[in-house]
Amino acid sequence: MRGSSEAFRFLDKEISLCYFLSILERKKARMEKKTFGVGLFGLGTVGGGVAELLLNENWKSKDYEFVLKKVAVRHLNKRRSISLPSRLLTTNPREVLEDPEIDTVIEVMGGISPAKEIIIEALRKGKNVITANKALLARSGSLIFKEATENNCYLGVRASNIASYRLIESLAYSPSKIEELIGIFNGTCNYILTEMERRGESFSNVLKKAQEIGYTEKDPSDDIDGYDTAHKLVVLLGLTSGHFLPLESLFVEGIRKITLQDILFAKELGYRIKLVAIARRKGEELEARVHPALLPIGRGLARLDGIENGIEIRDETGVEVGLQAPGAGRYPTATAILEDLVCMAEGRKLVSPYQREHLTLKKMEEVETRYYLRFNALDQAGVLAKISGILGSYNISIKAVLQKGERESERSEFVPVIMLTHKAREKDVQNAIRKINSLSVIKGETLLIRVEEGIF
Ligand SMILES: NC(=O)c1ccc[n+]([C@@H]2O[C@H](COP(=O)([O-])OP(=O)(O)OC[C@H]3O[C@@H](n4cnc5c(N)ncnc54)[C@H](OP(=O)(O)O)[C@@H]3O)[C@@H](O)[C@H]2O)c1
């Protein structure tokens, strides 16, 4: 009896010790749990999603906690998809920048100014910054990364190119350099090109539909003229090479000139038309461009439909990786931002790309690729010979010809003639086209679309 009560007492002691240790453990965990005060600039499509996810319990971790402290907006009384306590909202950026409890700033307001000044000031005050602003990063990436490095702050940019954000860290850390990259980075353009083909509708009709369903802005130029894609390419190259190309130095062409006819001709020749970003390097020479391209049907990026984005990469050791992802949207973008928050909380740092290597951009006129050319030619004997004669004089050889009997109208004597060339130099092709366009047997401007093979 005595022995057993002693045993109980011993057990009691052990239980209390365990209990005490568990309290200590919890206390320690509480003490070690890092809390980050978050200031959000922008509560629109992306900002609304970020706020919603931040307030969602599922993002809570036992090791860290993100507390939304302040949200800067332009209009205090705007109706929003998310309602936040009014004490959180402000129109005064200083209330975020000067709040000592805010150590992390998320910029999802867009535009260049005041976003740039806000990011720089936040970094100089030692605050971590996470941004989705590809337009700003493409213009001022070098400066922003330099400030982040000098001030020892985390800079998260995953959300600036969500098509490739799951690759960004491995690309930035990889010891091997990217040799070739091809990507579809704009969901609006991919949606328009897919719908033109699927519904047999004109560019302008499908663009109108894209605006109605909110896939593009009222002014869609950034998307359809290729600049959004160019911003993402500049940021991606900046992250992987440390070299932020001046935006103006990049060759950028959009999809306005693509007609339904071209989509159907391309299909007949075994291709689909996509707006692509391309980068290729040989040593220190880099080729980087954005334009529509014919891609072989059934392979890699040519298979992507609608707003889907994708990227294919080959590094210098021949390793190939590819990724398909949604190109935009509230939750995909907000998730990329939250992923950056988690990386920051875990103490991971995105490699600072500041001046890692020096690259020289190859002039577009020196680029060599294959071409799809659509001439509007007089339907009479000898015209084809004239066109191919001029192409031949510029060392451009023809791989395939497609001549259609469909005239523009009953009274028109002109028909579309399509030629696919073998590899040729851009400068030669442009000169040859100028000469061909001046022939009396040719009406209007000849359309040129480059042909790419892709990696996969
Ligand atoms: N939308 C996407 O799918 C997507 C995807 C990837 C990256 N991004 C990038 O994310 C950023 C935000 O895009 P979004 O589509 O969310 O834009 P948005 O819907 O237009 O929202 C912008 C937000 O910023 C606020 N804002 C604008 N100027 C401000 C200022 N001077 N001071 C304080 N607040 C200001 C606006 O306030 P009010 O609401 O009061 O007007 C609004 O809440 C852009 O850089 C964009 O390129 C967007």
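In the predicted model, helix α7 is followed by Gly200, a residue whose phi is positive, near 65°. The helix that ends before this glycine comprises the 13 residues 187-199, and because each residue should add 1.5 Å, a span of 18 Å is expected; the C-alpha atoms at its two ends are 18 Å apart, which agrees with that expectation. Buried positions in α7 are Gly187, Thr188, Cys189, Asn190, Tyr191, Ile192, Leu193, Glu195 and Met196. These buried residues pack against several elements, namely the strands β7 (178-184), β9 (271-282) and β11 (308-315), together with the helices α8 (203-212), α9 (221-224) and α11 (260-268).

The chain to which α7 belongs contains 14 helices and 18 strands. Its C-alpha trace spans about 115 × 50 × 45 Å along the principal axes, and of its 456 residues, 40% are buried. When contacts between residues at least 6 apart in sequence are considered, 75% of them join residues that are at least 24 apart.

Three pairs of packed helices are described next, beginning with a partner of α7. Two packed helices are described by the angle between their axes and by the distance between those axes. For α7 and α8 the angle is about 130° and the axes are 9 Å apart; since an angle of this value lies outside the ranges for roughly parallel, perpendicular or antiparallel helices, α7 is oblique to α8. The two helices cross in a right-handed sense, and their contact is made by Thr188, Tyr191, Ile192, Glu195 and Met196 on the α7 side and by Phe203, Val206, Leu207, Lys209 and Ala210 on the α8 side. Divided by class, the residues of this contact are 7 nonpolar, 1 polar and 2 charged. The spacing of such positions can be read with the geometry of the helix in mind: an α-helix has 3.6 residues a turn, so residues three or four places apart point the same way.

In the second pair, the axes of helix α5 (residues 134-150) and helix α10 (residues 227-241) come within 8 Å and cross at roughly 50°. The helices α5 and α10 are therefore oblique to each other, and α5 passes α10 in a left-handed crossing. Residues Lys134, Ala135, Leu137, Ala138 and Gly141 of α5 meet His231, Lys232, Val234, Val235 and Gly238 of α10 in this contact, which by class holds 5 nonpolar, 3 polar and 2 charged residues.

The third pair consists of α13 and helix α14 (residues 426-437), which pack at an angle of about 150° with their axes 9 Å apart. Because angles over 145 degrees count as roughly antiparallel, α13 is described as roughly antiparallel to α14. The crossing of α13 and α14 is right-handed, and the contact involves Ile387, Ile390 and Leu391 of α13 with Ala432, Lys435 and Ile436 of α14. The residues of this contact divide into 5 nonpolar and 1 charged, with no polar residue.

Several loop residues were examined for their backbone geometry. Most residues other than glycine have a negative phi, and most peptide bonds are trans. Asn152, although not a glycine, has a positive phi of about 55°; this residue is found in the loop between α5 and β6 (155-156). Asn152 has 10 C-beta neighbours inside 10 Å, and therefore counts as exposed. Asn395 likewise has a positive phi, near 65°, in a residue other than glycine, and is placed in the loop between α13 (383-393) and β15 (398-403). With 12 C-beta neighbours inside 10 Å, Asn395 counts as exposed, because 12 or fewer neighbours meet the cut-off for that class.

A cis peptide bond, with omega about 10°, joins Ser113 and Pro114, and Pro114 has its place in the loop between β4 (104-107) and α4 (115-124). Another proline, Pro85, lies in the loop between β2 (64-72) and β3 (89-90) and counts as exposed because it has 8 C-beta neighbours inside 10 Å. Pro85 and Lys70 are 15 residues apart along the chain, and their C-alpha atoms are separated by 10 Å.

Terms used:
Residues are numbered from 1 along each chain as its sequence is written. This is a predicted model: local features need pLDDT of at least 70, side-chain atom pairs count only at pLDDT 80 or more; totals for chains, interfaces and linings use all residues. Helices (H or I, at least four residues) and strands (E, at least two) are DSSP runs, numbered from the N terminus. The expected span of a helix is 1.5 Å times one less than its number of residues. A residue is buried if 20 or more other C-beta atoms lie within 10 Å of its own, exposed if 12 or fewer, and partly exposed in between; C-beta atoms are placed from the backbone. Two residues are in contact if their C-beta atoms, placed from the backbone, lie within 7 Å. Axes are lines fitted to C-alpha atoms, for helices over the stretch in contact, and angles run from 0 to 180 degrees between N-to-C directions. Angles under 35 degrees count as roughly parallel, over 145 as roughly antiparallel, 65 to 115 as roughly perpendicular and the rest as oblique. A crossing is left-handed if the near helix is turned anticlockwise from the far one by less than a right angle, and right-handed if clockwise. Ala, Val, Leu, Ile, Met, Phe, Trp, Tyr, Cys and Pro count as nonpolar, Asp, Glu, Lys and Arg as charged, and the others, Gly among them, as polar.
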